[in-house]
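User: Hi! I have just opened this structure and would like to get to know it. Could you take me through it step by step?

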Amino acid sequence: MASTHICASNTSYKSSFTNKLTQFNNNKHFPPNLHYPKSLVPPIASLKVDIGTPTTKVDESVKKKKTTKEVIEEEGKYLVGTYARAPIVLEKGKGCKLYDVEGNEYLDLSGGIAVNALGHGDDDWLKAVVEQAGLLTHVSNVYHSIPQVELAKRLVASSFADRVFFSNSGTEANEAAIKFSRKYHKHTSTEGKVPATEFIAFSNCFHGRTLGALALTSKVQYRTPFEPVMPGVNFLEYGNAPAAVELIRQGRIAAVFVEPIQGEGGIYSATKEFLQSLRNACDETGTLLVYDEVQCGLGRSGFLWAHEAYGIFPDIMTLAKPLAGGLPIGAVLVTEKVASAINYGDHGSTFAGGPLICSAALAVLNKISNPNFLSDVSKKGLYFKELLKQKLGGNPHVKEIRGVGLIIGIDLDVSASPIVDACRNSGLLVLTAGKGNVVRLVPPLIITEQEIEHAANIIYQTLHVLDGNN
């Protein structure tokens, strides 16, 4: 490779740079007669660079569509190996359909793990994102921005809450709820009383993978590699109200974290009696009740919030997955009594609640909160469950079909992985849950009855793969 010495006063360098600036200006990136910023003027300095033979390999690699094999090989080379990914490379999507780089079509019942509530490429969502991206994307929380305030107003107006804190994910939302709970008890404890600092969580629960939220997550295999995690978490059986009430009354519990419908844990729904017992015990002792609706909230149950079906309300609720329609967001909704304990600097985030994300979330919330939309989710969920019971009910491997709205689980007596693979090979994307023995169905909420029927048929036709999985 040849080496040459180039001075900033070199005529060809200046000419090339000037041509680029002229072209840049002609493309109207700068208004007419605007002086170029000093940062764009060539520095008076000398550089020593290597100039090799011109090549077009980079351009060719960009133009050439990579195969599934090539992408998977590169993923294995450059990414940290935290995911056991399915062997397909998805390229585009529309509605409830996804397409891979080989041109294969899939009906998506995974919904980005209950994220893509409006499916892929929703027109209203896309319009909101594009328009806001052209105005303002990010400013940080040093400054005020309109979309953040508007989203907070909408969330407060449609829930039990008085105030909102924004984060970037579900696990971050739960981390904030942990901090808010502890700060609340420090703020309200009378002189001489030790503030409550412990927590209750339940079997099969999932609250996130950062250290605080991980400490609240019941799956031992998630926690063990990173121990010691945050101490003071008490795990109880999901639904065991007497045990929870007894522990709450001991006065050490800052907050009880519970999912009204467990997603990752295997699609288990709480009973009204269980949640009411928790609420009563928390009111009696000053313990906070936290609902994690990261997966089950925002329309998935057929109610805007899953706990609305019970009529029992929390002090804190955490949200995330579907709120911004595929863009990263989390939210912590709190009552005024909790918010009053939080001061400037107690918590924060650089990216959270940015204008672009909040504009996307407003488009999602406006659509999903429509009563007709929610009614359709309930109807489609009932239809889907009945169809699955008709088609799968006689199979000896199917123990139970459960769920509410469009969060449905097919509980098996064997591993669900073979049927997940068979469904994918037949053009249907589904997930596992529980201990790997539950087929989890969390499709976009816009799924049609025809798509539901198609999905049920594929699941039925692939059931035979379970026979060799005893």
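User: Let's begin with a cysteine. Is C296 buried or exposed?

Analyst: Happy to start there, and please keep in mind that this is a predicted model. The relative accessible area of C296 is 0%. Buried means under 20%, so C296 counts as buried.

User: And C423, is that one buried or exposed?

Analyst: C423 has a relative accessible area of 1%. The cut-off for buried is under 20%. C423 therefore falls in that class too: buried.

User: How many disulfides does the chain have?

Analyst: A disulfide here needs a pair of cysteine sulfur atoms within 2.5 Å. By this rule, the count of disulfides is zero.

User: Which residues of helix α15 are buried?

Analyst: Helix α15 covers residues 417-425. Its buried residues pack against the strands β5, β16, β17, β18 and β19, and against helix α16. Those buried residues of α15 are I419, V420, A422, C423 and R424.

User: Which residue just after α15 takes a positive phi?

Analyst: The place to look is just past the end of this helix. There, a phi of about 90° is found, and the residue that takes it is G427.

User: How much of the chain counts as buried?

Analyst: Let's step back to the whole chain, which has 16 helices and 19 strands. Among contacts between residues at least 6 apart in sequence, 71% join residues at least 24 apart. Of the 470 residues, the share that counts as buried is 47%.

User: What pLDDT does the chain average?

Analyst: Confidence varies along this chain: pLDDT is below 50 over residues 1-18, and it stays under 50 over residues 20-56. On the other hand, 86% of the residues score at least 70. The average pLDDT of the chain is 90.

User: Which residues lie nearest the centre of the second largest pocket?

Analyst: This pocket has a volume of about 1000 Å³ and is lined by 34 residues. The elements that give two or more residues to its lining are α6, β6 and α12. By class, the lining divides into 18 nonpolar, 14 polar and two charged residues. Nearest the centre are Q148, V164, F165, F166 and Y344.

User: Which residues line the largest cavity?

Analyst: The count comes to one cavity of 30 Å³ or more, and the largest cavity holds about 30 Å³ of space. Its lining has six nonpolar, one polar and one charged residues. They are E293, G297, L298, W305, L319, A320, P322 and L323.

User: Which residues does K179 touch, leaving out those up to four places away in sequence?

Analyst: K179 lies in helix α7, residues 170-188. At 40% relative accessibility, K179 counts as partly exposed. Its C-alpha atom is 9.9 Å from that of T197, which is 18 residues away along the chain. Beyond its sequence neighbours, K179 touches D346 and H347.

User: What about S378: which residues is it in contact with beyond four places in sequence?

Analyst: S378 is found in helix α14, residues 371-392, and is partly exposed with a relative accessible area of 26%. S378 and G299 are 79 residues apart in sequence, while their C-alpha atoms are 9.1 Å apart. The contacts of S378 beyond four places in sequence are S301 and G302.

User: Which residues does a cis peptide bond join?

Analyst: Most peptide bonds are trans. Here is a cis one, with omega of about 5°. P228, at one end of this bond, sits in the loop between α9 and β8. The residues joined are E227 and P228.

User: Where is S140, with its positive phi, found?

Analyst: Most residues other than glycine have a negative phi. S140 has a phi near 80°, a positive value. S140 is found in the loop between α5 and α6.

User: One last residue: is I267 buried or exposed?

Analyst: I267 lies in the loop between β10 and β11. It has a positive phi of about 65° although it is not a glycine. Its relative accessible area is 1%, so I267 is buried.

Definitions and conventions:
Residues are numbered from 1 along each chain as its sequence is written. This is a predicted model: local features need pLDDT of at least 70, side-chain atom pairs count only at pLDDT 80 or more; totals for chains, interfaces and linings use all residues. Side-chain values use heavy atoms; hydrogens and water are left out. Buried means under 20% relative accessible area, exposed over 50%, partly exposed in between (1.4 Å probe, protein chains only). Helices (H or I, at least four residues) and strands (E, at least two) are DSSP runs, numbered from the N terminus. Contact means heavy atoms within 4.5 Å. On a 1 Å grid over the protein atoms alone, a cavity is a set of points where a 1.4 Å probe fits but cannot get out, and a pocket is an open set with protein on both sides within 12 Å along at least five of seven lines; lining residues have an atom within 4 Å of a point. Grid points are joined across faces, edges and corners, and a volume is the space filled by probe spheres set on the points. Ala, Val, Leu, Ile, Met, Phe, Trp, Tyr, Cys and Pro count as nonpolar, Asp, Glu, Lys and Arg as charged, and the others, Gly among them, as polar. pLDDT is the predictor's confidence in each residue, from 0 to 100.
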